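Reader: I've just opened this one and I'm not sure how to read it. Could you walk me through it, a feature at a time?

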Amino acid sequence: MDRGNSRPAYIRVMQTTAAFAGLSCTDCGETFDAEEVPGRCPDCGGILDPDYDYDALDLTRDGFEGDGVWRYEALLPFPRSVAVTMDEGGTPLVEAPTLAEELGVGRVLIKDEGRNPTGTFKDRGQALAVTAAKLHGATDVALATAGNAGQAASAYAARAGLDSHVFVPSRASFINKAMINVHGGEMKVVEGRIGDAGAAFEDAIENEDWHPVQTFVTPYRHEGKKTMLYEIVEQLDWEVPDHVVYPTGGGVGLVGMHKGAREIRDLGLTDDLPAMWAAQSDGCAPIVKAFEEGKDVHEVWEVPDTICGGIEIPDPGASPLILEALRESDGGAVATNDSDILDSAVTVAQHEGIEMGVTCAAAASGAWSLAQDGAFSEDDTVVLLNTGAGSKDADVIRSHLMSKGI
Ligand SMILES: *Cc1c(COP(=O)(O)O)cnc(C)c1O
Ligand SMILES: [Zn+2]
């Protein structure tokens, strides 16, 4: 979508952090003033990425203050003082010793993103995206979403006093739809899957003055999610974990965390990059297929079908960035089936007490499969991203037990 050039020049000066230097296109390399572009690259439609003047930063390991996402404001585009925030982030990294034993590794830790304001890590991305919308002077934000991002967007829009327009596929969960309503979002339920919701969103936004907070249309969602990696490393006393396993749909979190890992390494705060692993369901695994075939870009997954709604993304537009992150970090990609994924959610709940969402359990199931394939060593530290609260999916996990007669 190309809305950048049609916008009036801004007289108001956007409040940004000292090191934030604007946006650069991950496709054509062109750079832009953040005030002038709310979405994709005006020249080529590519994904824009926030840039910083890292040399101007004089960061030390004990130089971060406060909690949550905004603790890292020096490495974010906007300061805490102008943020639309509900104290997102700052989630615990919970030790999982039984899983470590079962996987045959030194340590397993679960980054529990279920403890965010709307129950998923989508809050980190929407905090930044809605802050940007507000600073751009927007009155309305809009997106297509499998569900959780829509709930987060409508919540943050409500907090900022903005209207929200949320396009969800009919199979989005009841909780997501209900809470979008509760937050006062205008919801369009589109028959079909995420691709159909995306098409309806594209059609609608053409004729509206809506600010996009859609995955990889706004330049800021992956920027918010990179803070998960900073937190993990700080929670491990600045030891970089050997592996990070992430349930991958559009790859916003994975691309963000890899960027975060590179930044703190290049700033001299750490020495290494963690191996990033993309976990998907074999019912929709375009990243796994492209990785295994040595490709730089995915092919659209023709018949997506998985119970993991958050990662049922057949056409992840950022696949070149995801695949580059997997390769540069010496990680990889793994697909497991829905039945194993549901079993994993139950196993983690029963062996560790931790409630994993169904989509998130793809990370646990993927980690088991990677362990079996010898991807981990016995001393390794493995971090699993629990991207959302298990209780959001209680009905699905419970039905899985019932299907087994339990
Ligand atoms: C959106 C979502 C994902 C996938 O996120 P991406 O960063 O787009 O890959 C994973 N888990 C949950 C719970 C989600 O809501
Ligand atoms: Zn471009």
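Reader: Let's begin with the ligand. How many Å separate a backbone N or O atom of Gly249 from an oxygen atom of ligand 1?

Author: One thing up front: this is a predicted model. To read a contact like that, look for N or O atoms within 3.5 Å of each other. Here the backbone atom of Gly249 lies 2.7 Å from the ligand oxygen. Gly253 also brings a backbone N or O atom to an oxygen of ligand 1, at 2.9 Å. Thr387 uses its side chain instead: a polar atom there lies 2.7 Å from a nitrogen atom of the ligand.

Reader: And how much of the accessible area of ligand 1 does the protein cover?

Author: On its own, ligand 1 has 380 Å² of accessible area, and the protein covers 94% of that. Strand E10 (243-247), helix H8 (252-266) and helix H12 (358-372) each give two or more residues to the shell. There are 17 residues around the ligand, and Lys122, Tyr246, Gly249, Gly251 and Thr387 come nearest. Sorted by class, the shell has six nonpolar, nine polar and two charged residues.

Reader: Now a helix. Which residues of helix H4 are buried?

Author: First the general idea: an α-helix has 3.6 residues a turn, so residues three or four places apart point the same way. In helix H4 (residues 174-182), the buried ones are Asn176, Lys177 and Ile180. They sit on the same side of H4, because they cover an arc of only 95° around its axis. Turn to the other side of H4 and you'll find Phe174 and Val182 exposed.

Reader: What do the buried residues of H4 pack against?

Author: They pack against helix H3 (148-160), strand E7 (163-169) and strand E8 (186-190). Just follow the chain out of H4 and you meet Gly184, with a positive phi near 85°.

Reader: Which residue other than glycine has a positive phi near 55°?

Author: That's Phe216. Look for it in the loop between strand E9 (211-212) and helix H6 (221-225). To call a residue buried, we ask for under 20% relative accessible area. Phe216 has 5% relative accessibility, so it counts as buried.

Reader: Where does Trp238 lie, then?

Author: In the loop between helix H7 (227-235) and E10. Trp238 isn't a glycine either, yet it has a positive phi of about 70°. With a relative accessible area of 14%, Trp238 is buried.

How values were computed: Residues numbered from 1 in each chain as written. Chains lettered and ligands numbered in written order. Predicted model: local features only at pLDDT ≥ 70, side-chain atom pairs only at ≥ 80, totals over all residues. Heavy atoms only, no water. Near = heavy atom within 4 Å. Polar contact = N/O pair within 3.5 Å; in protein donor to acceptor, adjacent residues only side chain to side chain. Areas by Shrake-Rupley, 256 points an atom, 1.4 Å probe, with all protein chains shown as cover. Helix = DSSP H or I, 4+ residues; strand = E, 2+ residues; numbered from the N terminus. Nonpolar A, V, L, I, M, F, W, Y, C, P; charged D, E, K, R; others polar. Buried < 20%, exposed > 50% of the residue type's maximum accessible area, 1.4 Å probe, protein only. Arc of directions from axis to C-beta. Contact = heavy atoms within 4.5 Å.
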